[in-house]
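Let's take a walk through this one together, chain by chain and loop by loop. Have the viewer open and follow along.

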Amino acid sequence: MRTPERLHALAAFVVKELRHILRDRQTLVILLLLPLAQVVLFGFAIRTDVKDIRLAIVDAAPDDASLALRAHFTGNGRFRVVATAAMIEVIEPLFRRGQADVALVIAPGLARALADGTPAQLQLITDASNPNTGTTIQAYAGAVIGAWQIALPGARQGVVIEPQVRMRFNQSLESVNLFVPGLISLVLTLVTAQMTAISLSREKERGTLEILLVSPLRPWQIILGKVAPYLLLAFANVVTAMVAAWLVFQVPFRGSLALLLAASTLYALVGLALGVLIAARTNSQRTAMMGSMIGTMLPSTLLSGMIFPIASLPWPLQLISNIVPARWFIVIVRGIMLKGAGIVHLWQELLVLAVMLTVLLVVAIKSFRARLA
Amino acid sequence: MTLAIEVKDLTRRFGDFTAVDAISVDVQVGEVFGFLGANGAGKTTAIKVLIGLLAPTSGSARVAGFDVVTQSEEVRKRIGYMSQRFSLYDDLTPRENITLYGGIYGLSDLDIRARGTAMLSELGLMQVADKLVSTLPLGWKQKLSFSVAMLHRPAVVFLDEPTGGVDPVTRRQFWEMIYAAAARGTTVFVTTHYMDEAEYCDRLSIMVDGRIAAIGTPAALKAEFGVSSIDEVFVRLARPTTAGAG
Amino acid sequence: MVTQASSPVVIEGVRKTFGSTVALDDVTFDVRAGELFGLVGPDGGGKTTLFRILTTLLVPDAGTATVLGRDVVRDLWEIRKRVGYMPGRFSLYPDLSVEENLRFFASVFGTTIEKGYDIIAPIYAQIEPFKHRRAGQLSGGMKQKLALSCALVHRPELLLLDEPTTGVDAVSRREFWDLLHDLQSSGLTIVVSTPYMDEADRCHRVALVQKGRVLAIDVPGAIGARFPRPLYAVHGVPRHATIEALRAFPHAASVHPFGDTLHYSDAREAHHPPQVIAEVTAWLTTRGIAEMTMSRIAPGIEDAFMALMGDEPGAPA
């Protein structure tokens, strides 16, 4: 076959694949609405408003200033003081038993520090086993401290107070903003890895793959033809997820859209290669579905830092998380969306994905041989 | 003589489409009855009505003495069903399949064990009784699934294209099992696309466009159409316009 | 005599195993140019494996196979362009229309419906009125014709059809064989497999295949002659009692039901047919089979097949 004929055959394949996708209306609607539904559901699930926050106060040497600050908290209907102690060690068991949500640690000599104009030491410790409420609580507590600061006598208002924010069990600040990149990776994994695995193994079951293999089509044409339409779908999903996140939750977008789409393409290709690999190794739609569930969806959710911070995983899982593409992709998307990071900051993660793609493509094309068995 | 199957003016419509158009058939007890027809002639619909999976639009059908609409529970207890597409669970052993079907039809454990062992040794399958069905040759599977369909000693057994793809010796062994069942008084109602197979039946009917176009013994039908095989009878009836071409 | 070089299919000593199962065991035959060649035998006999080797989908463990003068292992891309293949099921996309299926398979082979139209016209014209219908909604016979059109649209020099008539009604099957004859007479070489002995008569030559071995290769009319003994048709009522009585006859070599008669052969080769008929009649009569007839007949392919397979139905390995 000459090159134009090869391209024509490839185009025909893509058209056929698009028809399969467009005619399976139910699946199509689900796939298109999925990012929207996920962003909205996860977003609201995460954004539970917090009331009745249980506060523990550590005030080693109470003075006028610390008592005034404590009064601000007790006066705020949202906080309930469950313990007051002089030593931080007393607080620890309260967290462990789940009896306190947040601790305010006031270093000795707050009044003097304010008078001298030296930095005052304030620390907020949140139980971040649920990162989202942790963030919200931090925000409320910060607001109370801010109110206290404003109420300080005029001369002292210029003093800088640095409340140290430390979250227990989860040192990074998680929020709906940080969730959206995770959702994007999840949706991409679903439409790429899982959908290609299913549609390729369907051809196997129907016996049409046998004809395709016997035809002059080369394996790369079959794979590319299979994969291209899902790449389009993946693009649509990334954009939907971001628009939904921005409209519903005002999640910012600070970086370059082009870079994000390029990174998504790279990640989608990794997923598609994985899907082809799974289909090549399984014999029915059912096992392909289970395989892609266990092989791609679960790691992308659990080992990617989307829900559980990688640092909080046991070390064997931390090690495994390195080979989960979603882990690297989530870092990239977070960087682009939330920090406006550019390729200078993210080239390492992008390189990791590129290497993964190369390896997977080689393995996928090899296992998807020109022959049966 | 009592009738095993009694169908009167049976009609089944799907919307405007009449799949089965006022057919009437009687099948005697102990008869091997062939139910033939082209793809889409209405055979499958008619069988579904007879085994109680579809309600007729009008007309009546009695199987093993019970009405398929008002007494479908009674009918189901007295019929066996085997199809080429589905009969045994491939991922169970012969013995497990027997236990399952025996249980479904409410046989006692004692009966299941006794009949199961008798069946397996009669079929010469004792040494594979605990191997997975998927590992057995096709011919063995088909003989086994026929025996399993007969486990609860049904009055009427429905066989839907039972012998596809097996070797000629196994196919004959299968038909001999059918004859033996008929000799014991079981009525056998069988569909097939293979006309040489139709000649094994005591009587047969040929369905064309929802109606029964011909019914009788193979010899009588051949004589009636002046041809030497049921294949030719079938071709004349099913596509009168193309008969004789090629 | 056709030389091997011009034979579109030459198979020599081909062996293929899957684990401990021997799918093909030293298979040797060739298909002549312009021939309608049949592979006849039950499922699991190795027919599909053979097709997959010829279509370059599988590599033989031993032996060689050439298709259109090219080696199936080395020259797979050359063979794939020039062969038309219809696998065991009608492998179509049920969610695509008749025309979309055909157009797709044409593109896959680097051609178009229009360029291949004259070759598929006799077949495709029959289903063209339904070209906008989804393939999943076609009847068995129409699916079969569409699958054949798809396998033909790129003008292959060799057509390989694996059980194209399974699950299709008798009339559609007859029409399908007529189409194959038309294609063959236009010069195409066709290899077709079937589990049904009665279809062997529609081929020029057949290979009887059983358990990975070729039992015999010949023109259909000559295969019956491979049956080793005189054969008789016995008709008796009741049938089941007749079978049992005949089996009990001490000199019975084989007893097989054939439609409404039984085919009987006698173990005593020296006995003259009239003598055999007289003895069997007497034996059956004393066993209560009153209504009976018996006559000598010419053995058919199925009789020969059963004799050649040694009355040994698919025993487990």
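Helices and strands here are DSSP runs, numbered from the N terminus; a helix needs at least four residues and a strand at least two. Keep in mind as well that this is a predicted model.

With that in hand, go to chain C and look for C:Pro238, which sits in the loop between β11 and α8 of chain C. The peptide bond joining C:Val237 to C:Pro238 is cis, with an omega of about -5°. On one side of that loop is β11 (231-237), and on the other is helix α8 (residues 239-248).

Now follow α8 of chain C. The helix lies across β11, β12, β13 and β14 of chain C, and its direction is at about 165° to β12(C). Those strands make up an open sheet of 4 strands, in the order β12-β13-β11-β14, with antiparallel pairing. At the edges you'll find β12 (252-258) and β14 (291-297) of chain C, each of which pairs on one side only. On average, neighbouring strands in this sheet are turned by 25° against each other, if direction is ignored. Zoom in on β12(C) and β13 (residues 261-266) of chain C: these two run antiparallel and are joined by 6 bridges. A pair of histidines is a handy landmark here, with C:His256 standing opposite C:His263 in β13(C).

Step back to see where that sheet belongs. The domain assignment splits chain C into domain 1 (4-218) and domain 2 (228-298). Their C-alpha centres are 40 Å apart. Taken along the principal axes, the C-alpha atoms of the chain fill a box of roughly 70 × 45 × 40 Å. Chain C holds 10 helices and 14 strands, and 52% of its 317 residues are buried. If you take contacts in chain C between residues at least 6 apart in sequence, 70% of them join residues at least 24 apart.

Which chains have the most contacts between them? Of the 2 pairs that touch, chains B and C come out on top. Chains A and B, by contrast, share no contact, and their closest C-alpha atoms lie 15 Å apart. Where B and C meet, 36 residues of chain C are in contact with 37 residues of chain B. On the chain C side, α5 (140-152), α6 (170-185), α8, β12 and α10 (301-308) each supply at least two residues. The largest share comes from α6(C), with 6 residues. By type, the chain C side divides into 14 nonpolar, 12 polar and 10 charged residues. Two names from our earlier stop turn up again, since α8 and β12 of chain C are among the contributors.

Cross over to chain B, where there is another open sheet of 4 strands with antiparallel pairing, in the order β2-β1-β4-β5. Its edge strands are β2 (17-28) and β5 of chain B, and each pairs on one side only. Further in, β1 (residues 3-14) and β4 (residues 58-63) of chain B run antiparallel over 5 bridges. Within that pairing, B:Lys8 has B:Ser60 in β4(B) as its bridge partner. Move along to β4(B) and β5 (residues 66-67) of chain B, which pair antiparallel over 2 bridges. Here the partner of B:Val63 is B:Phe66 in β5(B).

The turn of that hairpin deserves a pause. The hairpin has 2 residues between its strands, and B:Ala64 lies in this loop between β4 and β5 of chain B. Its phi is near 55°, a positive value in a residue other than glycine. Is B:Ala64 buried or exposed? The cut-off for burial is 20 or more other C-beta atoms within 10 Å, and B:Ala64 counts as buried because it has 22 such neighbours.

For a companion case, look at B:Asp209. This residue lies in the loop between β9 (203-208) and β10 (211-216) of chain B. B:Asp209 also has a positive phi, about 50°, although it is not a glycine. Its surroundings are another matter: B:Asp209 is partly exposed, because 14 other C-beta atoms lie within 10 Å.

Methods. Residues are numbered from 1 along each chain as its sequence is written. Chains are lettered from A and ligands numbered from 1 in the order in which they are written. This is a predicted model: local features need pLDDT of at least 70, side-chain atom pairs count only at pLDDT 80 or more; totals for chains, interfaces and linings use all residues. Two residues are in contact if their C-beta atoms, placed from the backbone, lie within 7 Å. Two strands pair if DSSP finds at least two bridges between them. Domain bounds come from an automatic or database domain assignment. Axes are lines fitted to C-alpha atoms, for helices over the stretch in contact, and angles run from 0 to 180 degrees between N-to-C directions. A residue is buried if 20 or more other C-beta atoms lie within 10 Å of its own, exposed if 12 or fewer, and partly exposed in between; C-beta atoms are placed from the backbone. Ala, Val, Leu, Ile, Met, Phe, Trp, Tyr, Cys and Pro count as nonpolar, Asp, Glu, Lys and Arg as charged, and the others, Gly among them, as polar.
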